[in-house]
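Me: Got a minute? I'd like to go through this structure with you.

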Amino acid sequence: MKPFRTIIEPFRIKSVEPLRFTHREERVAALSEAGWNVFRLHADDVLIDLLTDSGTGAMSSAQWGALIQGDESYAGSRSFYRFRDVVQDLTGYKHIIPTHQGRAAERILFHTVLSPGQVVPNNNHFDTTRANIEVEEAEARDLVIPEGKVPAALHPFKGNMDLQALEKTLAKEGDRVPLVMVTVTNNSGGGQPVSMENLRGVRALCDRYRKPFFLDACRFAENSYFVKLREPGYGGKTPKEIAKEMFSLADGCTMSAKKDGLANIGGFLAMNDDRWAESCRNLLILTEGFPTYGGLAGYDLEAIARGLEEVVEEPYLRYRLRSTAYLEEKLDAAGVPTIRPAGGHAVYLDARALLPRIPPLSYPGIALANALYVEGGVRGVEIGTVMFGLHPDGSETPAAMDLVRLAIPRRVYTQSHIDYVAEVVLLVAAKKETLRGYRIASAPKVLRHFTATFEPLPA
Ligand code: F0G
């Protein structure tokens, strides 16, 4: 029963936050002041903020209502048990360890189980995941399928793990692999989904080589809905049933509740293994907090519990994936190169293809992100050579792709905001010949994209 074509926002708006409009000259001044790095801008100087979908979503009235019910007891808080029950019902894992966000779960897991010289395979590691592995002097190895590295290549599950490459790694590295990870959806590869069939393949290899299998589950609900839409046999299942099946194939997960937890802060580490869980809890107490709050307030645990229930609702997920595809289709129709098909949480512009005259080491992604801000006050983020090109030995090479990600906060912007964003991208694409590359003026040694400053290259 689908009488109407229009997929509407499945909510109405009760509380609004005004946007601040600026002139082009003001934005040039603000960006120059910020060292030509959009991370360094004052957010009040941004009109439409697509820097990230992380922690930037709008909570529902039910979540706001749940906040006042938060139990702030240091130990044994009622809110923890509500949170634990919801996470356990969804994931089926035995140990549920709250953390203040996803990277804290990563740090605790990797510091507990990794030794120097080990290798962690993943489809694509997110930057904090990679950094938390490398800081333990281990290797983060990306094994996404070949289609996942080609922006224009169409494939329904471009986030899939290359199972042959995984098997080779497991056979060759043996005991050097402490666990296998898969990121759903694959953020660094364009927010692309992983199929259930592929996850079953990873499970089978992990069984054969006796390796624990962990999901980086930040966007598990979006991945579940892609499976429903695209994978044979899943059309009749609910997103929650699909999510449960995904989690059941793994032995544990790291999670940032700032994405598909529909919360502004929070995360968790979950697993079945008793010994690992005990070591992780001991480290948690040292740096995050007691195991029933893990660096979060009781009210945060309430907001996440409610968010995890709302995020698997079908009207929400239908709207969510459709609104991202809507932007991608508009840009694609106008000939702007993007990662295709659209990901779940973001549209990724292919800056290298759009700006072939700017070589990767002059950072086409920075050139494009900065132009989007200057022309229209839209803030996206470079995912390319600045983010991934610098190696632990200090050398620099072009990243596999130079992208600009336009991440869409959950339940925040309406269709007219997105229409405006498309107009800004098309304007910038029309004047692409005038864009210039950049050089780095200052940068830290790790995770440089957050704080580096740049200088525009002469015309
Ligand atoms: N894993 C993935 C796949 C992520 O996308 C992120 C965060 C993390 C782990 C870390 O979680 O931020 O809660 O510590 N991604 C955000 C982004 C920051 O903009 O894509 P966190």
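Me: Which residues of helix H9 (residues 239–248) are buried?
Reply: This is a predicted model, to start with. In H9, the buried residues are Pro239, Ile242, Ala243, Met246 and Phe247.

Me: Where do they sit around the axis of H9?
Reply: On the same side of H9, because they cover an arc of only 135° around the axis. An α-helix has 3.6 residues a turn, so residues three or four places apart point the same way.

Me: And what covers the buried residues of H9?
Reply: Several elements do. Among them are helix H3 (78–91), helix H7 (196–208) and helix H12 (314–333). The cover also includes strand E6 (213–216) and strand E7 (252–256).

Me: Let's stay with E7. What does Thr254 touch there?
Reply: Thr254 is in strand E7. Leaving aside neighbours within four places in sequence, its contacts include Ala105, Leu109, Met181, Leu215, Cys218 and Phe268.

Me: Is Thr254 buried or exposed?
Reply: Buried. Its relative accessible area is 2%, and the cut-off for buried is under 20%.

Me: OK, another helix. How many residues of H5 are buried?
Reply: Six of the eight residues in helix H5 (residues 127–134), which is mostly covered. They are Asp127, Thr128, Thr129, Arg130, Asn132 and Ile133.

Me: What do they pack against?
Reply: Helix H4 (102–113) and helix H15 (385–388) are on the list, and so are strands E3 (119–122), E4 (139–142) and E5 (180–183). E6 is another, and E6 also helps cover the buried residues of H9.

Me: Now loops. Where is Gly148?
Reply: In the loop between E4 and helix H6 (163–173). Gly148 counts as buried, at 4% relative accessibility.

Me: Which residues does Gly148 touch?
Reply: Lys158, Gly189 and Met401, not counting residues up to four places away in sequence. The C-alpha atoms of Gly148 and Ile339 are 9.4 Å apart, with their positions 191 residues apart along the chain.

Me: And Ile68, buried or exposed?
Reply: Exposed, with a relative accessible area of 76%. Ile68 lies in the loop between helix H2 (61–67) and H3. Its C-alpha atom is 39 Å from that of Pro212, a residue 144 places along the chain.

Me: Backbone next. Where are there cis peptide bonds?
Reply: One joins Val184 and Thr185, with omega about -20°. Thr185 is in the loop between E5 and H7. Another runs from Arg340 to Pro341, with omega near -10°. Pro341 lies in the loop between H12 and strand E9 (346–350).

Me: What is phi for Tyr363 and Leu447?
Reply: Positive for each. Phi is near 60° for Tyr363 and near 45° for Leu447. Most residues other than glycine have a negative phi, and most peptide bonds are trans.

Me: How covered are those two?
Reply: Tyr363 is buried, at 4% relative accessible area. Leu447 counts as partly exposed, at 32%.

Me: Last topic, the whole chain. How many helices and strands?
Reply: There are 16 helices and 14 strands. The radius of gyration is 21 Å, close to the 23 Å that the globule rule gives for 459 residues, so the chain is as compact as a globular protein of that length.

Me: What share of the residues is buried?
Reply: 57% of the 459 residues.

Me: And the charges, how many of each?
Reply: The chain has 54 positive and 57 negative side chains. The centres of the two sets lie 2 Å apart.

Key: Residues numbered from 1 in each chain as written. Predicted model: local features only at pLDDT ≥ 70, side-chain atom pairs only at ≥ 80, totals over all residues. Heavy atoms only, no water. Helix = DSSP H or I, 4+ residues; strand = E, 2+ residues; numbered from the N terminus. Rg over C-alpha atoms; globule rule 2.2 N^0.38 Å. Buried < 20%, exposed > 50% of the residue type's maximum accessible area, 1.4 Å probe, protein only. Lys, Arg positive; Asp, Glu negative; His and termini not counted. Charge placed at Lys NZ, Arg CZ, Asp CG, Glu CD. Arc of directions from axis to C-beta. Contact = heavy atoms within 4.5 Å.
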